[in-house]
Amino acid sequence: MSNIVIRHANIVTPVGNSARRGKEMDMLTVIPDGAIVISDGRITYCGADRNLKAELVSECHESIDACGRVVLPGFVDSHTHLVFGGYRPDEFEWRLKGDSYMSIMERGGGIQSTVNATRVESYSELKKKAEWFIDRMVSMGVTTVEAKSGYGLDVATEVKMLDVIDSLSKDADRKLRVVATFLGAHAVPQEYKGRTAEYVDFMIREMIPAVKGKAVFCDIFTEKNVFEIDDSRRFLQAAREAGFKLKLHADEIVTLGGAELASEMGAVSADHLLHVSDQGVAKMAESGTVATLLPLTAFALREPFAPARKFIDSGAAVALATDLNPGSCFSGSIPLTIALACIYMKMSVEETITALTLNGAAALDLASETGSIEVGKSGDVVILEFENYRMLPYYVGMNCVNTVISRGRIVAHN
């Protein structure tokens, strides 16, 4: 692994080993004419270029002159469904004509459609498609991504998906860090229709033991007429007892109390939250559960955006992620996520950067490993095309990334 020095950089980063909450999200450290040294994949120097010692430079195999351009921590996309079979463009057209997300599910589309395709798609086909998505992500500055299962809803396919994710994580030529989440509780499969409690029993009895050790997190789609509060609590308790860290899809379609349940269960994050209650916001601020907001999904579904300002102003930690999936949000666009957060969710540029870096890392329980440019952390950094970080939302929906370094390796140069 080569050692890299980046010089004459406009370094912009949040700092810390935990999520920044409330007003802290607006606080970035800026080092004009800064330098970064990455040795054996770790940051060993971050500070003024003039204070950089000659011996550190002499040990570096590669030197990059940033020429005053912005250097940020690598982006963390902490909620994706990047492994799946088939596509669903017909459903996108149905939604354009006015069909709701839930009505499409009820007529056999939605998640079940992708489940049918994923069950028959081979391991190699699933992996090849996921690698294509990863290459697109890296080009936009993503250096850490979460990947969920959840399109199997049976033991064999859930294991197949998690094995693909594990392979993506371990491949030497892969360009980013991949974190696995088990989402067997994504929907109730057709074979258990009308028997939700029995499917939860099946997951607890057979699926959780089968996937133990293959994923870090366990997630559930807590939603009316899918997995409601009591079944969600029972499933999450079993997952926690099996050693999984917890996540929830919460309050996406209706106000159900998913945010409150996430706080009660000590979940690392609750995601979506388009219809979160005021009590849910307060509980998450109190518990420290990260609110992972997914503006691309709201945009694609023509739904109101999640109340980012309520979360931040209440003292909660907000992360942003893309929710790349084949149905409700077939996009992994970091540039559009940034634009929507600033323009429609009324987040400042500084809050948005924190949400996509350190707080995204915190949503994966990785804030001590990545998400900021600090000595000791992983060498995950992004060099932009511009000298001003406020260009990120201003260049609306367009990629501002010039160079991406992941764990001390140059993995993209646009």
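When I say salt bridge today, I mean a side-chain nitrogen of Lys or Arg within 4 Å of a carboxyl oxygen of Asp or Glu. With that in hand, hello everyone, and please keep in mind that this is a predicted model.

So how many salt bridges does the structure hold? There are 26 of them, and I'd like to walk you through a few.

Let's start with Asp219 and Lys148, whose side chains meet at 2.8 Å, N to O. Asp219 sits in strand 9, residues 217-222, and Lys148 in strand 7, so this pair ties together parts that are 71 residues apart in sequence. Are these two buried or exposed? Both Asp219 and Lys148 are buried.

While we are on strand 7, which covers residues 142-148, have a look at Ala147, which belongs to that strand too. Ala147 has a relative accessible area of 0%, so we call it buried. Its C-alpha atom is 8.8 Å from that of Leu162, a residue 15 positions away along the chain.

The next pair is Asp171 with Lys127, where the closest N and O atoms are 2.8 Å apart. Asp171 is in the loop between helix 6 (155-170) and strand 8 (177-185), while Lys127 is in helix 5 (residues 123-139), so here the bridge ties together parts 44 residues apart in sequence. The partners fall in separate accessibility classes: Asp171 is partly exposed at 21%, and Lys127 is buried at 15%. The cut-off matters for this one, because buried means under 20% relative accessible area.

Then there is Lys97 with Glu93, a salt bridge at 3.6 Å, N to O. Lys97 is exposed, with a relative accessible area of 66%, and Glu93 is partly exposed, at 42%.

Before we leave the charges, find Arg42, Arg177, Glu369 and Asp380 on your screens: these four are linked in a network of salt bridges.

Now for the empty space. Rolling a probe the size of a water molecule over the atoms shows where such space is left.

The largest pocket has a volume of about 460 Å³. Which residues are the closest to its centre? They are Met105, Glu106, Val188, Lys193 and Asn225, out of 17 lining residues. Two elements give two or more residues to that lining, helix 3 (101-106) and helix 4 (111-120), and helix 3 gives the most, with 3 residues. As for chemistry, the pocket lining divides into 7 nonpolar, 7 polar and 3 charged residues.

What about enclosed space? Searching the whole structure turns up 3 cavities of 30 Å³ or more. The largest cavity has a volume of about 100 Å³. Its lining has 14 residues, and the closest to the centre are His81, Tyr101, His186, Asn325 and Ser328. By class, that lining comprises 4 nonpolar, 7 polar and 3 charged residues.

The second largest cavity, at about 60 Å³, has another kind of make-up: 9 nonpolar residues, 1 polar and no charged ones. Among the residues lining it are Phe75, Met140, Leu392 and Met398. Helix 13 gives the most to this lining, with 3 residues.

Helix 13 also takes us out to the surface. This helix spans residues 334-343, and Ile343 is part of it. Together with Tyr344 and Val396, Ile343 forms a nonpolar surface patch with about 320 Å² of accessible area. Ile343 itself has 47% relative accessibility, so it counts as partly exposed.

Last stop, the backbone. Two residues here have a positive phi although neither is a glycine: Asp251 at about 50 degrees, and Arg302 near 55 degrees. Where in the structure is each of them? Asp251 lies in the loop between strand 10 (245-250) and helix 9 (258-265), and Arg302 lies in the loop between helix 11 (295-301) and helix 12 (308-313). Their surroundings make a nice contrast: Asp251 is buried, at 0% relative accessibility, whereas Arg302 is exposed, at 58%.

That's my tour. Thanks for listening, and I'm happy to go back to any of these spots with you.

How values were computed: Residues numbered from 1 in each chain as written. Predicted model: local features only at pLDDT ≥ 70, side-chain atom pairs only at ≥ 80, totals over all residues. Heavy atoms only, no water. 1 Å grid on protein atoms, 1.4 Å probe; cavity = no way out; pocket = protein on both sides within 12 Å on 5 of 7 lines; lining within 4 Å. Points joined across faces, edges and corners; volume = space filled by probe spheres on them. Helix = DSSP H or I, 4+ residues; strand = E, 2+ residues; numbered from the N terminus. Nonpolar A, V, L, I, M, F, W, Y, C, P; charged D, E, K, R; others polar. Patch = residues over 30% accessible without salt bridge, like charges linked within 9 Å, V, L, I, M, F, W, Y side chains within 5 Å. Areas by Shrake-Rupley, 256 points an atom, 1.4 Å probe, with all protein chains shown as cover. Buried < 20%, exposed > 50% of the residue type's maximum accessible area, 1.4 Å probe, protein only.
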